[in-house]
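Reader: I am new to this structure. Please walk me through it in short steps.

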Amino acid sequence: MVRGSTRLFGFANGGMAQIVQVVVGKAIIEMAMLTDYELGAVKTIPLNFHLGTDVAAGLFLAVYPWVFGFADFVF
C-alpha cells in the first residue's frame with residue numbers, strides 16, 4: 001500500500017507520476033542521513049551540496065509533469 005503525497009493527490013496508479021515522487025523522496029531522505037549537519041548519521045556529504053541538490057530536486061519536481069507527459073492530470 002502506498003501512502004503519502006502520491007496517494008493523497010491521486011498519483012498512486014503505478015505510473016511515472018508515482019515513481020518519480022517516490023524515488024526523489026527516498027533520495028532526499030537518504031541524502032539527509034548522509035549530510036554533514038546536526039541530524040546527519042554518517043556526515044559525508046557537505047551541507048552546501050545537499051542544499052544545492054534540494055534546489056535542483058525542487059525545480060525538477062516543478063516541471064516533471066510536463067517532462068513525463070501528465071501535466072493535464074495535475075493542477
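Author: Short questions and answers follow. This is a predicted model, where local features need pLDDT of at least 70, side-chain atom pairs count only at pLDDT 80 or more, and totals for chains, interfaces and linings use all residues. Residues are numbered from 1 along each chain as its sequence is written, and side-chain values use heavy atoms, with hydrogens and water left out.

Reader: In what order do the elements of the chain run from the N terminus on?

Author: Helices (H or I, at least four residues) and strands (E, at least two) are DSSP runs, numbered from the N terminus. The chain has three helices and zero strands. The order is α-α-α.

Reader: Is H50 buried or exposed?

Author: H50 sits in helix α3, residues 47-67. Buried means under 20% relative accessible area, exposed over 50%, partly exposed in between (1.4 Å probe, protein chains only). H50 has a relative accessible area of 9%, so H50 is buried.

Reader: With which side chain does the side chain of H50 make a polar contact?

Author: Contact means heavy atoms within 4.5 Å. Leaving aside neighbours within four places in sequence, H50 is in contact with M31, A32, T35 and I45. A polar contact is stricter in its atoms: a pair of N or O atoms within 3.5 Å; within protein, one must be able to donate a hydrogen and the other to accept it, and residues adjacent in sequence count only if both atoms are side-chain atoms. At 2.7 Å, the partner is the side chain of T35.

Reader: How far apart are the end C-alpha atoms of α3?

Author: The expected span of a helix is 1.5 Å times one less than its number of residues. α3 has 21 residues, so it should span 30 Å; the end C-alpha atoms agree with this, at 29 Å.

Reader: Where does α3 bend?

Author: The bend at a residue is the angle between axes fitted to the seven residues ending there and the seven starting there. In α3 this angle is about 35°, and a proline, P65, follows within four residues of the bend. The residue is L61.

Reader: Which element gives the most to the largest nonpolar core?

Author: A nonpolar core is a set of buried Ala, Val, Leu, Ile, Met, Phe, Trp, Tyr and Cys residues joined through side-chain atoms within 4.5 Å. The largest has six residues: A17, V20, V24, A57, Y64 and F70. Two or more come from each of α2 and α3. With three residues, the top contributor is α2.
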